[in-house]
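Please walk through the structure below, beginning with the chain as a whole and then turning to its strands, one of its helices and its cysteines.

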Amino acid sequence: MYKYSEKDKKILKKRTSEFKYQVERRLNGDLTEDEFKPLRLMNGLYLQLHAYMLRVAIPYGELSYLQLKKLAEISKKFDRGYGHFTTRQNIQFNWPKLTDVPKILEELASVEMHAIQTSGNCIRNISCDHLAGINNEEVEDPRPWCEIIRQWSTFHPEFSFLPRKFKIAVTASKKDRAAIEVHDIGLRLVKKNSRIGFEVYVGGGQGRSPFIAKKIKDFLDKKDLLNYLEAILSVYNELGRRDNIYKARIKILVNELGEEKIRSMIEDKYKNFVDKKLELSENKVKEIYNFFKLPIKHSKNSIIPKVDNVEFKQWVKQNVINHKIKGYSVVMVSLKPLGKPPGDMNAIQMNKLSQLSHDYSFGEIRVTHEQNILLPHVENKRIYDLWLKLKKIGLSTPNIGLISDIICCPGMDYCALATARSIPISQKISHSFNNYSQQKNIGDLKIKISGCINACGHHHVGNIGILGLDKNGEESYQITLGGSATENASIGEIVGPSFPESELMGALNTILKTYKKNRISEDEDFLKVFNRIGINEFKKDLYDNPQ
Amino acid sequence: MAKKLKGEQFYLSANDLISGDVVYLAKNKWSRNFNDAIKIKRIDIERYEKIAVEDENKCLIVGPIFIELTEEGKIRRLRDKIRKNGLTININQ
């Protein structure tokens with residue numbers, strides 16, 4: 001893991017005291033709310049429906065056990081004893097008091113964490129493949145590159161007031177677990193002619209106008225990464241619209257200019273930077289790489305214990321993934337237990353999981369963009385023991401990738417922008433499909449729920465997407481089908497008129513019946529069936545012959 | 001703040017500046033207790049809008065909003081009902 005330098009610590013300390021002073025000035029009236037709002041947002045502090053909300057950055061989803069322990073402590077001391085992990089690998093506290101926020105930031109700084117650039121029109125937390133550095137398919141570990149981008153983008157003077165927020169995701173695998181094609185910039189490390197460089201995607205995004213990113217560069221030399229990012233951001237900063245918030249994201253610019261034009265503009269700009277400005281030296285890259293060495297020294301002949309326990313077997317099948325080092329596994333900890341808000345974890349769980357990470361996974365933890373957690377390096381022979389401990393704290397749900405592993409935004413229960421609730425919908429679904437065999441029978445399926453068109457719940461790229469709307473004062477849910485955030489990214493198609501909450505579960509069951517009656521074998525998952533038969537079969541069953 | 005409001009009567013709500021708690025304008029004060037909230041007629045909106053701005057500047061509240069009421073005097077929108085009643089989910093933490 002990256003460790004802060006003395007300079008990093010100094011900068012963070014300064015920033016924390018700066019915000020403390022800004023809060024004092026707001027409280028004594030030296031700053032109006034209009035003046036204070038952009039300052040609090042720059043420090044991740046929002047005002048939501050019931051209270052303030054503090055969003056804390058978890059750079060590329062990587063946490064140490066000490067950091068998780070600190071998050072537990074903060075949630076208990078300053079909040080209501082829980083936190084919510086988000087689709088951008090961050091964590092949100094839903095109930096902090098304004099006067100406590102400077103203290104929270106000081107606590108965070110003590111474990112090298114902060115809330116900077118988790119809001120505002122700047123480059124946000126860099127997100128990454130949660131299996132980075134521990135899977136066999138990638139060309140190299142992408143985390144050092146996330147760190148390089150993080151350092152470049154933090155407090156970047158030119159890109160602190162962009163037309164709109166800006167999100168970057170990085171992977172190094174063909175299989176996309178970081179949703180790079182629905183980010184403003186998506187980067188994939190690839191190998192070509194025995195050289196490693198980046199494929200660069202630009203202009204993806206969800207929200208009101210969803211777009212799949214365009215690949216604008218097939219191969220970018222690693223040393224020029226920052227020069228190229230600088231070129232993209234410069235073009236966007238110059239030409240992105242500032243007159244209309246709904247048209248301000250780079251995806252709109254890319255779509256309006258077209259792929260060729262945006263590529264040539266970026267390339268022209270890049271020519272000004274290349275070899276001159278931000279070229280990365282081998283030493284610098286090596287220095288960063290050293291922070292990300294695997295803690296496992298040797299492979300082992302260690303196997304997962306064969307225990308005669310159905311629940312354990314189900315959990316291993318669903319939640320345990322091979323590590324690239326023999327004898328080790330990656331353990332996925334589902335934050336979608338039955339009936340709980342997706343992504344939530346209470347202070348007791350955080351504390352215990354921190355200890356488990358220390359005892360079983362070299363103190364490392366990762367947060368996934370699908371709102372789950374993982375312990376990245378667990379020796380196989382200790383997996384049963386770990387499972388027993390996870391089970392005790394309610395963190396052994398065997399549902400990774402299944403229908404109840406739902407991505408869900410906070411929705412109208414918390415969010416000031418939401419037009420409908422989303423958590424109660426996810427809870428209904430998880431209650432309705434609470435049996436493992438029933439879920440297994442449905443197969444791999446990604447349901448994603450957003451409480452408004454801003455799409456924080458990624459509904460556009462759900463195999464089944466659910467969007468909560470306000471229809472004449474009543475909650476109503478629009479369904480999209482066929483979306484995907486993988487390497488074959490696609491935006492879901494709207495199936496038809498929306499459903500009132502009371503009819504939504506019926507509609508979902510009809511969709512699943514249509515899928516099941518059309519699948520050729522049990523191995524053919526929902527998305528494959530949808531791509532083969534198209535949307536009309538689903539429409540017919542939903543609207544023409546409702547059961 | 002008062003743009004596009006529906007109906008003839010309203011409550012004035014906000015969040016307490018320090019705690020962030022939901023508060024309602026009551027007689028001469030902001031109260032966490034919804035039962036203290038005073039009903040505001042459309043004709044008086046501008047006057048109360050000024051009070052809200054003043055109180056935000058006095059560092060008492062943040063994010064003032066008018067809550068629309070039905071003819072029967074009930075809260076019209078779900079969002080405002082959730083603000084009044086709290087989460088609709090059992091977080092059971």
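In chain A of this predicted model, residues 24 or more positions apart account for 68% of the contacts that have a separation of 6 or more. Buried residues make up 63% of the 547 residues in the chain, and of the roughly 21800 Å² that chain A exposes, carbon and sulfur atoms supply 49%. The chain contains 17 helices and 21 strands. Its radius of gyration is 23 Å, close to the 24 Å that the globule rule gives for 547 residues, and chain A is therefore as compact as a globular protein of that length. Taken along the principal axes, the C-alpha atoms of chain A fill a box of roughly 60 × 60 × 55 Å.

A useful place to look in detail is strand β2(A), which spans residues 52-56 and is mostly covered, with five of its five residues buried. Y52(A), L54(A) and V56(A) point one way from this strand, whereas M53(A) and R55(A) point the other way, and all of these residues are buried. Strand β2(A) has pairing partners that can be taken in turn. Strand β1(A), residues 45-47, runs antiparallel to β2(A) and is joined to it by three bridges, while a hairpin of four residues connects β1(A) to β2(A). Strand β5(A), residues 91-93, also pairs with β2(A) in the antiparallel sense, again over three bridges, and here R55(A) has Q92(A) of β5(A) as its bridge partner.

Within β1(A) lies L47(A), which stands opposite Y52(A) in β2(A). Is L47(A) buried or exposed? Its relative accessibility is 19%, and since the cut-off for a buried residue is under 20%, L47(A) counts as buried. Leaving aside neighbours within four places in sequence, L47(A) is in contact with R40(A), Y52(A) and A416(A) in its own chain, and with N15(B), V62(B) and G63(B) in chain B. K37(A), 10 residues from L47(A) in sequence, is 9.2 Å from it in space, C-alpha to C-alpha.

Elsewhere in chain A, an open sheet of five strands follows the order β6-β7-β8-β9-β10, with mixed pairing. Its edge strands are β6(A), residues 127-128, and β10(A), residues 214-221, each of which pairs on one side only. Inside this order, β8(A), residues 185-192, and β9(A), residues 195-202, pair in the antiparallel sense over eight bridges, and G186(A) has Y201(A) of β9(A) as its bridge partner. Strands of a sheet pair through backbone hydrogen bonds, either parallel or antiparallel.

Helix α6(A) covers residues 225-239, and its 15 residues reach 21 Å from the first C-alpha to the last, close to the 21 Å expected at 1.5 Å a residue. Because 13 of the 15 residues of α6(A) are buried, this helix is largely enclosed by the rest of the structure.

The cysteines complete the tour. Over all chains, the structure holds zero disulfides; C122(A) is in no disulfide, and the nearest cysteine sulfur, that of C456(A), is 15 Å away. With a relative accessibility of 6%, C122(A) counts as buried, and C59(B), at 13% relative accessibility, counts as buried too.

Terms used. Residues numbered from 1 in each chain as written. Chains lettered and ligands numbered in written order. Predicted model: local features only at pLDDT ≥ 70, side-chain atom pairs only at ≥ 80, totals over all residues. Heavy atoms only, no water. Helix = DSSP H or I, 4+ residues; strand = E, 2+ residues; numbered from the N terminus. Expected span 1.5 Å × (residues − 1). Buried < 20%, exposed > 50% of the residue type's maximum accessible area, 1.4 Å probe, protein only. Pairing = 2+ DSSP bridges. Rg over C-alpha atoms; globule rule 2.2 N^0.38 Å. Contact = heavy atoms within 4.5 Å. Areas by Shrake-Rupley, 256 points an atom, 1.4 Å probe, with all protein chains shown as cover. Disulfide = S-S within 2.5 Å.
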